[in-house]
Amino acid sequence: MAQKILIIEDEKVLMELICKKLEKEGYAVETAGDGESGLRKMRETKPDLVLLDIVMPKMNGFEVLETANQDQTLKTIPVIILSNSGQLVELDQARALGVRDWLIKTEFDPQEVVEKVVKQIGAPK
Amino acid sequence: MPKEKFFEKREKELTEDISTLEGYINDLWEIIPVAICITTPIFTLLETSRSFNNLFGYEKDEITGSPIETIFSKEEDLKNLSEKLFPRKKILNFEISGKAKGGKEIPMLVSAIAREDQEGELVSYIFSFVDVTLIRRVEGTLEEKVAELQRYTVQLEGSRRALLNILEDVESERVAAEKERDKTAAIIKNFADGLLLMENNKISLINPAAQAFFNVSEAEVVGRTIAELEGTAKIQSFAKFLNKTGADIFREELPLNENFILEVSTVATLKDAKETGKIIILHDVSREKMVEKMKTEFVSLAAHQLRTPLSAIKWALKMLLDGDMGSIKQDQKNFLEKTYQSNERMIALVNDLLDITRIEEGKYLYKPTVTQLELVAKFVADSYKDEAKAKNIKLTLRKSDSLLRPVKIDVEKIRLAMQNIIDNAIRYSAEGSEVIVACSGNEKEAIFSVQDSGIGIPKDQRTRMFSKFFRGSNAVRIDTEGSGLGLYIAKNIVEAHNGRIWFESEPGKGATFYFSLPIDSSNGKI
């Protein structure tokens, strides 16, 4: 069975684009439009990887990470941040929370995102 | 009693009386302290008193019968004396110069009286002499003393005047000092920053601003030591802060509560190179800190808001171009490719703007690291390999002759500064030319340079090269896309590191941009 990727992203267009790209690659993709539902889906679906946005309604990316880190079952799920901010203060904070990678959306295109995903969980089975 | 017998008896009585009188006189002659002599009318000495003999140094027999000139040292004295004596028969305290045996002169006062018999015939003179040597000497000394006193008086008068002058000067100095003091006091009182003065380890002054900061009165603080103030709740945290750091403090932050932050600086007051006290300056930076925090939040938000639609466009275009949405025709592809490039420029511009917002203040370097400038330069130059190749420009990294000493830098920001300079060099150089990136240095600084043989910098625009949004007129003609922010950002970054940035250029022949960074003196390991 294909690896499951959860995308937590409030920008619909971006979410659809990356979702389409990853599905096309052969991954199983779940989506959530805000931090709160994202966390809920993490618990429900236990994905192999999470692509997480930072600035989101209800619960921001950092809050999602902090909560997930306190949950033994969620703690081990690798997370790649997909954000448009990238101040070093934020990067350090994310690193401290065990984040695997940080992608600035304007600097990477969908193909490169796929490459980062492959690096973390391998090519789709 | 018969007459004869009476006379006989009377004569006998008289003779006895005279003899008794003679005895008296002789006795008097012996003991009277004044020198007295009796002379004949022609001044031959007949009788002399013991004092007379003592005064002049003669034995009685020796002097008796001698002319009076014997005891005068000057002839005219005797002449003057006799001239006065003849008509008046009496002179008093006539000043002469006497002469003792052996010739010694003695200043003396002479009094004389002529004695006559019953018929008025001159029979003798009586002279008295008073030795005035001592008096004269005393008088002389006295005169000297008086003269001396007068001199002293003059001197004293002078000193008094000088003193008065000094007093006047002191007075005017005092007035000036008072004025100065009032001025200083007014400044201190109305100073917006808090000011405290410490002398002999005790607070000697606290201005109203500082009182307001801690909500304390002057009386609660002045005269106390820092250790004592640690017991006063209102000012406790400040006292502890001061106590903790013994040496001079420069702009260290002291948060009094979440929304109230003071920046503390201390300066030692010196006298003859010895520390006599401390001036403590408190600057309220709460507002700056709040603005700084807001700025970080704003940048984060703006980055998100501006970049999100741009990334959506980027991704959509890219996926279309990559054929993820189905195949497209070549002319469609070309069209989309151009749109994609426009979007990329927009992203670059937004990135520049965000960099500026972050760097403009320039003060805050993030995690400075000790490293080799050359390593950073190599990293950045390597990242431009493809771009240079695309433009057929030879990008050379020239190694320094010796190992450079390490610098302490915010690597991310220095990379950005280097990128901006190299980017310019490639952008404004003709195809086929060379861009040389080099590092050099000395004991004090490491220097990064980028040399190109591009368009150069017009002479009249040199001073504005590092201004915000400024672009050289020749650069605008070549490329309309630049933001005019690259060098401005580079300058802010370099100056935040206490470095310098400059360039050399000949219009039309190229330019070399340099920046230097101070060598890390902390001896940190690379």
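**Exercise 1. A strand pair at the sheet edge**

Start at Glu506(B), which stands opposite Gly510(B) in β17(B); work out which strands pair here and how their sheet is ordered.

*Solution.* A word on the model before the steps: this is a predicted model, in which local features need pLDDT of at least 70, side-chain atom pairs count only at pLDDT 80 or more, and totals for chains, interfaces and linings use all residues. Residues are numbered from 1 along each chain as its sequence is written, chains are lettered from A and ligands numbered from 1 in the order in which they are written, and side-chain values use heavy atoms, with hydrogens and water left out.

Step 1. Find the two strands: β16(B) and β17 (residues 510–518) of chain B pair in the antiparallel sense over 7 bridges. Strands here are DSSP runs of E with at least two residues, helices are runs of H or I with at least four, and both are numbered from the N terminus. Two strands pair if DSSP finds at least two bridges between them.

Step 2. Place the pair in its sheet. The open sheet has 5 strands in the order β12-β14-β15-β17-β16 (chain B), with mixed pairing.

Step 3. Look at the ends. β12 (394–398) and β16 (500–506) of chain B are the edge strands, each pairing on one side only. From one strand to the next, the twist averages 15°; axes are lines fitted to C-alpha atoms, for helices over the stretch in contact, and angles run from 0 to 180 degrees between N-to-C directions.

**Exercise 2. An antiparallel sheet and its helix**

Describe the sheet that holds β8(B), and name the helix that lies across β8(B).

*Solution.* Step 1. The order β7-β6-β10-β9-β8 (chain B) gives an open sheet of 5 strands with antiparallel pairing. β7 (202–206) and β8 (252–257) of chain B stand at its edges with a single partner strand each, so one side of each has no neighbour in the sheet. The twist averages 30° from one strand to the next.

Step 2. Follow β8(B) to its partner: β8(B) and β9 (residues 260–271) of chain B pair in the antiparallel sense over 5 bridges. Within β9(B), Phe260(B) is the residue opposite Asn257(B).

Step 3. Add the helix. α9 (residues 236–244) of chain B lies across β6 (194–199), β8, β9 and β10 (274–284) of chain B, at about 155° to β8(B).

**Exercise 3. A hairpin**

What do β4(B) and β5(B) form, and with how many residues between them?

*Solution.* Step 1. β4 (residues 105–116) of chain B runs antiparallel to β5(B), joined by 9 bridges. One bridge links Ala114(B) to Tyr125(B) in β5(B).

Step 2. The two strands form a hairpin with 5 residues between them, and Gly120(B) in the turn has a positive phi of about 85°.

Step 3. β5 (residues 122–131) of chain B also pairs with β1 (residues 35–39) of chain B, in the antiparallel sense over 5 bridges. There, Ala35(B) has Phe129(B) as its bridge partner.

**Exercise 4. The interface**

How many residues of chain B are in contact with chain A, and which helix of chain B gives the most to that side?

*Solution.* Step 1. Count: 27 residues of chain B are in contact (heavy atoms within 4.5 Å) with 29 residues of chain A.

Step 2. Check the polar links. Between the chains there are 2 salt bridges, a salt bridge being a side-chain nitrogen of Lys or Arg within 4 Å of a carboxyl oxygen of Asp or Glu. One of them joins Asp324(B) and Lys24(A) (3.3 Å, N to O).

Step 3. Find the contributors. α10 (286–321) and α11 (330–359) of chain B each supply at least two residues of the side touching chain A. α10(B) gives the most, with 16 residues.
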